[in-house]
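Work through these exercises with the structure open beside you. Try each task before you read its solution.

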Amino acid sequence: MGTLVGPVLSAFTTSKNRPLFPSPTASLPSSKPHLTTSRKIHHHEINTSRFGNFLHLTPESKPGCLDSDLPWFNPSDRPCFDVIIIGTGPGGLRLAEQVSQYGIKVKHEEFESTIQCDDGSELKASLIVDASGFSSSFVEYDKPRNYGYQIAHGILAEVDSHPFDLDKMVLMDWRDSHLGNEPYLRVNNSKLATFLYAMPFDSNLIFLEETSLVSRPVLSYSEIKRRMVARLRHLGIRVRRLIEDEKCLIPMGGPLPRIPQNVMAIGGISGVVHPSTGYMVARMMALAPLVAEAIAECLGSTRMIRGRPLYHKVWNGLWPIERRLSREFCCFGMETLLKLDLVGTRNFFEAFFDLDPYYWHGFLSSRLSLHELASFSLSLFGHASNSSRLDIVSKCPVPLVRMLGNLALQVI
């Protein structure tokens, strides 16, 4: 879960009633494309006092299967499609919905891509879209994928009591007073800080999440959990029931995929995650209709637009030049955050949320134009304290030069 940020010296709150920010398409649930990933699950023992320690509790709610009315597909029924979308997460389903509305029924066999499934069957399409997530090996990159990582552990819990106002949400609490009796954790937190997000539903039901905004390499889950246990103990929160838990790991920043290429991408693998915040879902939902329109202009056209012209059209529908330039600026923001310690992070966000809300709302929601991002950066530097300005000037010249170089390459 990309976590919304707010002022830092004390917990930032907002009213829950006031928002911050004003089929030729195939789905393949029964056949898996060849994609090999390796995942190792490590279990950590965490020794803390029983008060505040919720880690021994088992979540009562278990993940369920996706409730969908998509029909099962028999490859022998139709071996060739206009579009095949790999992955049925939010991005894949949204794009499938949008493309199917155009009723694309063009069949052309000169320019095709082929998917080989685990069961030996083959599927062909004019365009293959990868929506299978960050671990995909189908989408190609020209540069190393030097991600920053957001990691979080959250719980929806029934508690004896909590200290939070019922009509407000705590978006970002950077305080470290809960680590006074945890010298090892406090030292680590001063270098790689985490914050608390809290959303109370009533006096006994609350969602709590401990988050590392961005780090490289990634902070461990065991460290996140230790800090959360210490924080809840300090706040006097005793978890009675663990209803759900959330384990979150979001790669952020890094280069865009090679544009264009034969396989289109949507979702996390396409680079749409906000490099400075980890937000993606709302933006992806907004971009999917634009990609679907670009696909429809080619596959629904009597001109038979296929092959490289098709790939160029859809990739540039997702990543026009201004959007690429804006992303470079946000990547610089991420690299800046990676350089800051706890004190520097607090100072940075104090200046950030002192800006005109139009700017910080727009930055978080990826709505600022390139010109507005330039005004945003100047305003942020002007609102920053002297120590924060010194941090930016002394710690961020290399990321700044890299951003300027990448901007020049994009323009060229």
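**Exercise 1. Describe how strands β4 and β5 are paired, and what lies between them.**

Step 1. β4 and β5 pair in the antiparallel sense, over 4 bridges. Strands are DSSP runs of E with at least two residues, helices are runs of H or I with at least four, and both are numbered from the N terminus. Two strands pair if DSSP finds at least two bridges between them.

Step 2. Pick out a facing pair: T114 stands opposite K124 in β5.

Step 3. Look at the connection. The two strands, β4 and β5, form a hairpin with 5 residues between them. In the turn, G120 has a positive phi of about 95°.

Before going on, note the source. This is a predicted model: local features need pLDDT of at least 70, side-chain atom pairs count only at pLDDT 80 or more, and totals for chains, interfaces and linings use all residues. Residues are numbered from 1 along each chain as its sequence is written, and side-chain values use heavy atoms, with hydrogens and water left out.

**Exercise 2. Sort the residues of β4 (113–116) by face.**

Step 1. Recall the rule: in a regular strand the side chains alternate between the two faces of the sheet.

Step 2. Apply it. S113 and I115 make up the covered face of β4. T114 and Q116 make up the uncovered one.

**Exercise 3. Find how β3 meets β5, and how well β3 is covered.**

Step 1. β3 and β5 run parallel, joined by 6 bridges. C80 has K124 of β5 as its bridge partner.

Step 2. Count the buried residues. In β3, 7 of 7 residues are buried. Buried means under 20% relative accessible area, exposed over 50%, and partly exposed in between (1.4 Å probe, protein chains only).

Step 3. Move into the loop between β3 and α1, the place of G89. G89 has 26% relative accessibility, so it counts as partly exposed. G89 and A131 are 42 residues apart in sequence, yet 7.2 Å apart in space, C-alpha to C-alpha.

**Exercise 4. Why do the buried residues of α1 line one face of the helix?**

Step 1. List them: in α1 (residues 90–100), G91, G92, L95, Q98 and V99 are buried.

Step 2. Look down the axis of α1. The buried residues fall within an arc of 135°, so they line one face of the helix. The arc is that of the directions from the helix axis to the C-beta atoms.

Step 3. Connect this to helix geometry. An α-helix has 3.6 residues a turn, so residues three or four places apart point the same way.

**Exercise 5. Which residues touch the most other members of the largest nonpolar core?**

Step 1. Define the core: buried Ala, Val, Leu, Ile, Met, Phe, Trp, Tyr and Cys residues joined through side-chain atoms within 4.5 Å.

Step 2. Name the residues. Of the 40 residues in this core, L95, L127, V129, M264, I266, I295 and L318 touch the most other members.

Step 3. Find the suppliers. β3, α1, β5, β11, α4 and α5 each supply at least two residues. α4 gives the most, with 8 residues.

**Exercise 6. Describe the largest cavity.**

Step 1. Set the terms. On a 1 Å grid over the protein atoms alone, a cavity is a set of points where a 1.4 Å probe fits but cannot get out; lining residues have an atom within 4 Å of a point. Grid points are joined across faces, edges and corners, and a volume is the space filled by probe spheres set on the points.

Step 2. Give the volume: about 70 Å³ lies in the largest cavity.

Step 3. Inspect the lining. Its residues include F134, Y141, Y147 and R327.

Step 4. Follow R327, which is in helix α6 (residues 321–339). R327 is buried, with a relative accessible area of 5%.

**Exercise 7. Find backbone features that go against the usual pattern.**

Step 1. Recall the pattern: most residues other than glycine have a negative phi, and most peptide bonds are trans.

Step 2. Check the peptide bonds. A cis bond joins R216 and P217, with omega about 5°. Another cis bond joins I259 and P260, with omega about -5°. P217 is in the loop between β9 and α3, and P260 is in the loop between β10 and β11.

Step 3. Check phi. S366 is not a glycine, but its phi is positive, about 60°. S366 is in the loop between α8 and α9.

Definitions and conventions:
On a 1 Å grid over the protein atoms alone, a cavity is a set of points where a 1.4 Å probe fits but cannot get out, and a pocket is an open set with protein on both sides within 12 Å along at least five of seven lines; lining residues have an atom within 4 Å of a point.
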